Amino acid sequence: MKILGFNASPRLEGNCRLSVNKVLEYAKTLGYETELIDLNLLDIKPCLSCNFCKAHAGLCMLDDDMQDIRRKIREADALILAAPIYFSQLNAQATLFINRLYAFYQTEMLQAKGESYIVTIKNIYDYDILDSDVLKNIKAGVIITQGLENEEEYSKYIESGIFDQLNFLFNLKDILVLTDTNEPGIVGKRDEQLAKIDNFAKTVLE
């Protein structure tokens, strides 16, 4: 079994990375092979809305690190995305990552044949076409960190379309909000929030 942890925060010692690492540590006790990916360190270009993927069975024309990420996702059994809230919305790195998952969606070329497929690639010239139902077998969870103390401040945003995209592709099991997290690493000093991460990990992975 394989789990991918995605840290969307630019802070390598911040609360997002700390939280996703805690989930990965729990996953190891269940027998998962784990990998942590810092999205801010990768070359991930913005989606061009060119619809190349719609005409080419989900193959994205952008040759960057997202191609390798898509291959890893296809081979995973679970994934965790940890991201901070900036200016009352999901930060740019997380939004960019989610936007680029668009190429996983059922393509017009295959919709016309009444089929539902996605593509995973080793590189832009070497790819496999697979049944899209395999993605729904991947368990997923999202951890949000926010500076404000009131979790309800962002409840409407958390229920917005960007998380629907993740739920459409994967088996989105839970979304955890960790509040009052302006201080980097503060979550590691709060037993209540650490317990919430433990419960989140159990919900997503068991």
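**Stop 1: Leu-4**

Select Leu-4 in this predicted model. Leu-4 is buried, with a relative accessible area of 0%. Its place is in strand S1, which runs over residues 2-7. Now show what surrounds the side chain. Beyond its neighbours within four places in sequence, Leu-4 is in contact with Leu-24, Glu-35, Ile-37, Lys-72, Ile-73, Ala-76, Ala-78, Leu-79 and Ile-80. Add Leu-36 to the selection. It sits 32 residues from Leu-4 along the chain, yet the two C-alpha atoms are separated by 6.1 Å.

**Stop 2: Phe-6 and the largest core**

Stay with S1 and move to Phe-6. Which residues does Phe-6 touch, leaving out those up to four places away in sequence? Select Val-20, Ile-37, Leu-39, Ile-69, Ile-73, Leu-79, Ile-80, Leu-81, Ala-82 and Phe-97 to see them.

Phe-6 belongs to the largest nonpolar core, which has 32 residues. Phe-6 is one of the residues with the most contacts inside this core; the others are Leu-39, Ile-73, Phe-97, Leu-101, Leu-166 and Phe-170. Colour the elements that each supply at least two residues of this core:

- strands S1 (2-7), S3 (78-86), S7 (139-145) and S8 (171-178)
- helices H3 (65-74), H4 (92-100) and H7 (161-169)

Which element gives the largest share of this core? S3 does, with 4 residues.

A second, separate core has 22 residues. Select Cys-16, Tyr-26, Ala-78 and Ala-201, which are among them.

**Stop 3: helix H4**

Go to H4 and show its side chains. Gln-93, Ala-94, Phe-97, Ile-98 and Arg-100 are buried here. On which side of H4 do they lie? They are on the same side of H4, because they cover an arc of only 165 degrees around the axis.

**Stop 4: helix H1**

Select residues 15-29, which form helix H1. H1 has 15 residues and reaches 22 Å from its first C-alpha to its last. The expected span, at 1.5 Å a residue, is 21 Å, so close to what the model shows.

Which residues of H1 are buried? Pick out Asn-15, Cys-16, Ser-19, Val-20, Val-23, Leu-24, Tyr-26 and Ala-27. Next, display what covers them. The cover includes S1, strand S2 (33-38), S3, S7, S8 and helix H8 (191-205).

Zoom in on Ala-27 in H1. Ala-27 counts as buried, at 0% relative accessibility. Not counting residues up to four places away in sequence, Ala-27 touches Ile-3, Tyr-32, Thr-34 and Leu-205. Met-1 is 26 residues away along the chain, and its C-alpha is 9.5 Å from that of Ala-27.

Then step past the end of the helix. H1 is followed by Gly-31. Check the backbone there: phi of Gly-31 is positive, near 95 degrees.

**Stop 5: positive phi outside glycine**

Two loop residues come next. Select Asn-51, in the loop between S2 and helix H2 (52-55). Its phi is near 60 degrees, a positive value in a residue other than glycine. Is Asn-51 buried or partly exposed? Asn-51 counts as partly exposed, at 36% relative accessibility.

Now jump to Asp-180, in the loop between S8 and H8. Asp-180 is not a glycine, but its phi is positive, about 55 degrees. Asp-180 is partly exposed too, with a relative accessible area of 29%.

**Stop 6: the cysteines**

Show the cysteine sulfurs. How many disulfides does a search of the whole structure find? It finds 0. A disulfide is a covalent bond between the sulfur atoms of two cysteines.

Select Cys-60 and Cys-53 together. The closest cysteine sulfur to that of Cys-60 is in Cys-53, at 6.7 Å. That is too far for a bond, because a disulfide needs the sulfur atoms within 2.5 Å. Cys-60 is buried, with a relative accessible area of 10%. Return to Cys-16 for one more value: Cys-16 is buried, with a relative accessible area of 3%.

**Last stop: the whole chain**

Zoom out. The protein chain contains 8 helices and 8 strands. It has 206 residues, and 47% of them count as buried. Turn on the surface: the accessible area is about 10000 Å². Carbon and sulfur atoms hold 47% of that area. Finally, consider contacts with a separation of 6 or more along the chain. Residues 24 or more positions apart account for 74% of these.

Conventions. Residues numbered from 1 in each chain as written. Predicted model: local features only at pLDDT ≥ 70, side-chain atom pairs only at ≥ 80, totals over all residues. Heavy atoms only, no water. Core = buried A, V, L, I, M, F, W, Y, C linked by side-chain atoms within 4.5 Å. Buried < 20%, exposed > 50% of the residue type's maximum accessible area, 1.4 Å probe, protein only. Contact = heavy atoms within 4.5 Å. Arc of directions from axis to C-beta. Areas by Shrake-Rupley, 256 points an atom, 1.4 Å probe, with all protein chains shown as cover.
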